[in-house]
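The following exercises are to be worked with the sequence and the model in view. Each task is followed by a stepwise solution.

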Amino acid sequence: MSGNIKLLSDTLAAAKAEGRSALIAYLPAGFPTVDGGIEAAKAVFDGGADVVEVGLPHSDPVLDGPVIQTADDIALRGGVKIADVMRTVREAHAATGKPVLVMTYWNPIDRYGIERFTAELAEAGGAGCILPDLPVQESATWREHADKHGLATVFVVAPSSKDARLADITAAGSGFVYAASLMGVTGTRESVGEQAQDLVRRTKATTDLPVCVGLGVSNAEQAAEVARFADGVIVGSAFVKLLLAADGDLAAGLAGVRSLAGELAEGVRKHS
């Protein structure tokens, strides 16, 4: 069975055709529970997200700030497994028909097996993987299997990336490019800043792939700001924070993330 890279590309292209950025939401699998995480993914889609990234919880998430680290810890203590990540992808996609990716560090895939992981992700209806710590020069085997199974390989670029390095990264990637808006870890911030705009400009000079910005966006105003220059706006910690604040009241948490998704979906349309 082939994965849904085409659905991802078509979804991003449709948003562009509407004259807006796509809204991409990040949620960790297994948080607050496996079932709760699946419902949260459905809720952000209901609220207006175009794409969902399902995080594979990791004990040492180097790109993630304290909010997502806390959620990962809860998921890991709850016993989340890769099978639960695949189930989250499968059920979120099946319920909505929308593209779902996995965001994961490399070590879990390496241990699980590249062929097994890519085959299972495609079978679950996944659209691809975001791999923040896989060096492009070491990615050939992964990309071969991802291509075979119809999965996007999304790499992360940062403000520190030199232009030649950006060209290497974007040439190897597919689906879209994840532009980290600043040097640091995920989390909500007061402003996203000019660094992100400069990075998007430099990245777009190397590729026709959509460039989507993450790290720091938490409200509709910031989403509108980023939407002026990016093809997609990625929001994670703000959703996770609402689920944490619900403190076990899943219904309240789901209502919160659905509402925030709606506000952000309005935000990405405001600039047009």
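**Exercise 1.** Determine whether D247 is buried or exposed, and locate this residue in the chain.

*Solution.* Step 1: D247 has a relative accessible area of 70%. Step 2: With a 1.4 Å probe and protein chains only, under 20% counts as buried, over 50% as exposed, and values in between as partly exposed; D247 is therefore exposed. Step 3: The residue is found in the loop between α11 (237-245) and α12. Helices here are DSSP runs of H or I with at least four residues, strands are runs of E with at least two, and both are numbered from the N terminus. Step 4: The phi of D247 is near 50 degrees, a positive value in a residue other than glycine. Most residues other than glycine have a negative phi, and most peptide bonds are trans.

The model is predicted: local features require pLDDT of at least 70 and side-chain atom pairs pLDDT 80 or more, whereas totals for chains, interfaces and linings use all residues. Residues are numbered from 1 along each chain as its sequence is written, and side-chain values use heavy atoms, with hydrogens and water left out.

**Exercise 2.** Identify the residues joined by a cis peptide bond.

*Solution.* Step 1: An omega of about 0 degrees marks the bond between F31 and P32 as cis. Step 2: P32 belongs to the loop that runs between β1 (22-28) and α2 (34-47).

**Exercise 3.** Describe how α10 packs against α12.

*Solution.* Step 1: Two packed helices are described by the angle between their axes and the distance between the axes. Step 2: The axes are lines fitted to C-alpha atoms over the stretch in contact, with angles from 0 to 180 degrees between N-to-C directions. For α10 (residues 220-227) and α12 (residues 250-270), they come within 7 Å and cross at roughly 35 degrees. Step 3: A220, A223, A224 and A227 of α10 meet E263, L264, G267, V268 and K270 of α12, contact being heavy atoms within 4.5 Å. Step 4: Six of the eight residues of α10 are buried, so this helix is largely enclosed by the rest of the structure. The buried residues are A220, Q222, A223, A224, V226 and A227, and they pack against β8, β9 (232-235) and α12.

**Exercise 4.** Establish the strand order of the open sheet and what packs on it.

*Solution.* Step 1: The nine strands are ordered β5-β4-β3-β2-β1-β9-β8-β7-β6, with parallel pairing; two strands pair if DSSP finds at least two bridges between them. Step 2: At the edges stand β5 (152-154) and β6 (156-157), each with a single partner strand, so one side of each lacks a neighbour in the sheet. Step 3: Two bridges link β6 in the parallel sense to β7 (residues 177-180), where A179 is the bridge partner of V157. Step 4: Helix α9 (residues 194-204) packs on the sheet, touching β6, β7 and β8 (211-214), and its direction makes about 155 degrees with that of β8. Step 5: T203 lies in α9 and is buried at 0% relative accessibility. Not counting residues up to four places away in sequence, T203 touches V157, L166, T170, V177 and V211.

**Exercise 5.** Explain why C129 forms no disulfide with C212.

*Solution.* Step 1: A disulfide is a pair of cysteine sulfur atoms within 2.5 Å. Step 2: The closest cysteine sulfur to that of C129 is in C212, 16 Å away, which is too far for a bond. Step 3: The count is accordingly zero disulfides. Step 4: C129 is buried, with a relative accessible area of 0%, and C212 is buried at 0% relative accessibility.
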